[in-house]
Every structure is written in structure tokens, then in C-alpha cells.
Amino acid sequence: MALLHSSMTATPRAFTCKSVSVGKVASFPPPLVNFASPSSYSPCSLTGVTNNLRLLGVKSNKATTFRCLAAALTPELKSTLDKVVTGNKVVLFMKGTKDFPQCGFSHTVVQILKSLNAPFETVNILENEMLRQGLKEYSSWPTFPQLYIEGEFFGGCDITVEAYKNGELQELLEKALCT
């Protein structure tokens with residue numbers, strides 16, 4: 001495929017499973033979690049953050065806005081992510097969509113999966129800051145895209161590219177999609 005790096009040599013093959021059913025992620029987040037609602041996540045104590053910064057010798061003359069990232073993965077978000085990840089054989093959390101990736105790394109992983117003719121779902125992490133931060137904690141992986149195969153975190157772009165080059169990704173996808 002022309003859009004892939006020229007050193008990627010894995011041969012794309014069609015999957016020969018008799019039946020593969022991949023659930024659709026109609027929209028994210030589902031109604032289960034209202035990300036706009038303050039009651040859906042733990043509030044962050046600005047006073048505690050400010051006091052900790054003062055102890056470290058950081059001074060601020062202006063009011064500073066702090067985001068509480070430690071509380072991003074709420075129990076509700078974790079439950080929702082568990083359902084999305086286990087409810088689909090292959091899920092890519094990415095910047096943008098399958099049809100319109102909004103970063104080069106996301107585009108590369110989409111092109112790899114498409115070249116392997118693998119059915120996969122995508123979730124646009126740019127639509128929600130809480131989702132984006134919660135996913136970093138959920139996967140223990142700080143960057144995007146994040147690829148999940150059969151409910152397990154597989155990796156980001158570099159790991160996916162390397163697995164594609166050595167044929168490991170093709171084997172894993174065939175196994176996952178034929179079960």
C-alpha cells in the first residue's frame with residue numbers, strides 16, 4: 001500500500017474465518033456516563049494542588065487553572081472502556097476517525113489494519129478530554145493511538161508497525177478474528 005512505509009513488507013491476506021461478528025460502537029461515550037456532569041468524576045482539590053506547588057517553591061501571581069488528571073479514570077469510565085474493549089475484537093482509540101485520521105500515527109495504524117483487511121472499530125479520543133486522560137491510565141500507555149485486540153492492550157503505533165513488519169500482527173489478528 002502506497003501510504004505505508006516502503007520497508008513494511010508483510011503481505012496482506014484476507015481473513016478466512018467462517019463468521020466474524022464485530023459489534024459496532026455506535027457512539028462514544030454511551031449514555032451510561034455523562035462526561036459533562038461533575039457528578040460523574042471525582043473533583044480535584046485546587047487548594048491541595050496550590051498548596052503542594054507552594055511547598056515546592058512555585059509562586060503564581062495569577063489564578064492558575066489546574067486539571068486533575070489523577071481522577072480521570074472513574075469507575076464508570078473504566079466500566080465503559082471494559083465494555084468497548086471486550087465487546088469488539090479489534091478497537092483502535094485514535095485521534096480522528098477511521099475515515100479521517102487526525103494525526104500521522106493514527107493514520108499509519110489505520111492503514112496497516114486496512115491493508116490486512118481486518119475489521120476494526122475506532123473511537124475518536126479528541127472528542128472528550130476525560131476519555132483521553134482516562135485511557136492513558138486505563139492502558140498505562142501515555143500516547144495515542146492505542147490498539148486493543150481481543151480485549152487486551154496491544155500497543156501504540158511503533159509496536160503495531162514492528163509487529164506488522166515481522167508478521168506477528170497478522171497472526172494475532174487471524175487468531176483473534178477466527179475465535
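The dialogue below works through salt bridges, cysteines, the sheet and one serine of a predicted model.

Student: How many salt bridges are counted here, and what makes Asp 82 and Lys 78 one of them?

Tutor: The count comes to 3 salt bridges. For Asp 82 and Lys 78 the closest N and O atoms are 3.0 Å apart, and because the cut-off for such a pair is within 4 Å, the contact is called a salt bridge. Both residues belong to helix α2 (residues 75-86), where they are 4 residues apart, about one turn of the helix.

Student: Why are Asp 82 and Lys 78 called partly exposed?

Tutor: Asp 82 has a relative accessible area of 26% and Lys 78 has one of 38%; buried requires a value under 20% and exposed one over 50%, so a value in between is called partly exposed.

Student: Why is the contact of Glu 150 with Lys 89 called a salt bridge?

Tutor: Here the closest N and O atoms are 4.0 Å apart, and the contact is counted as a salt bridge because the rule asks for a separation within 4 Å. This pair links distant parts of the chain, 61 residues apart, with Glu 150 in the loop between β3 (146-149) and β4 (152-155) and Lys 89 in the loop between α2 and β1 (90-94). Glu 150, at 38% relative accessibility, is partly exposed.

Student: What makes Glu 129 and Arg 132 a salt bridge, and are these residues buried or partly exposed?

Tutor: Their side chains meet with an N to O distance of 2.3 Å, which satisfies the requirement of within 4 Å, so the pair is a salt bridge. Both lie in helix α4 (residues 129-139), 3 residues apart, about one turn of the helix. Glu 129 has a relative accessible area of 28% and is therefore partly exposed, whereas Arg 132, with 17%, falls under the 20% limit and is therefore buried.

Student: How do you know that the number of disulfides is 0?

Tutor: The sulfur of Cys 103 has its closest cysteine sulfur in Cys 157, at 7.8 Å, too far for a bond. A disulfide requires the two sulfur atoms to lie within 2.5 Å, so this pair does not qualify, and the count comes to 0 disulfides.

Student: Why do Cys 103 and Cys 157 count as buried?

Tutor: Cys 103 has 18% relative accessibility and Cys 157 has 9%; because buried means under 20%, each of these values places its residue in that class.

Student: What is the order of the strands in the sheet, and why are β2 and β4 said to stand at the edges?

Tutor: The sheet is open, has 4 strands in the order β2-β1-β3-β4, and shows mixed pairing. β2 (121-124) and β4 each have a single partner strand, so one side of each is left without a neighbour in the sheet, and that is what places them at the edges. From one strand to the next the twist averages 25°.

Student: How do you know that β1 and β2 pair, and which residues stand opposite each other?

Tutor: They are joined over 4 bridges in the parallel sense, and because at least two bridges are needed for strands to pair, the condition is met. Phe 93 stands opposite Val 123 in β2, and Met 94 stands opposite Asn 124 in β2. Within β2, Glu 121 and Val 123 point one way while Thr 122 and Asn 124 point the other way, and all are buried.

Student: Which strands do helices α3 and α4 meet?

Tutor: Helix α3 (residues 104-115) packs on the sheet and touches β1 and β3, its direction making about 160° with that of β1. Helix α4 lies across β1, β2, β3 and β4 and runs at about 55° to β3.

Student: What makes Ser 139 buried, and which polar contacts does its side chain form?

Tutor: Ser 139, which has its place in helix α4, has a relative accessible area of 12%, and because this is under 20% the residue is buried. Its side chain reaches the backbone nitrogen of Trp 141 at 3.2 Å and joins the side chain of Gln 146 at 3.0 Å; polar contacts are taken within 3.5 Å, so both distances meet the cut-off. Leaving aside residues up to four places away in sequence, Ser 139 touches Gln 146, Tyr 148 and Phe 153.

Key
Residues are numbered from 1 along each chain as its sequence is written. This is a predicted model: local features need pLDDT of at least 70, side-chain atom pairs count only at pLDDT 80 or more; totals for chains, interfaces and linings use all residues. Side-chain values use heavy atoms; hydrogens and water are left out. Buried means under 20% relative accessible area, exposed over 50%, partly exposed in between (1.4 Å probe, protein chains only). Axes are lines fitted to C-alpha atoms, for helices over the stretch in contact, and angles run from 0 to 180 degrees between N-to-C directions. Contact means heavy atoms within 4.5 Å. A polar contact is a pair of N or O atoms within 3.5 Å; within protein, one must be able to donate a hydrogen and the other to accept it, and residues adjacent in sequence count only if both atoms are side-chain atoms.
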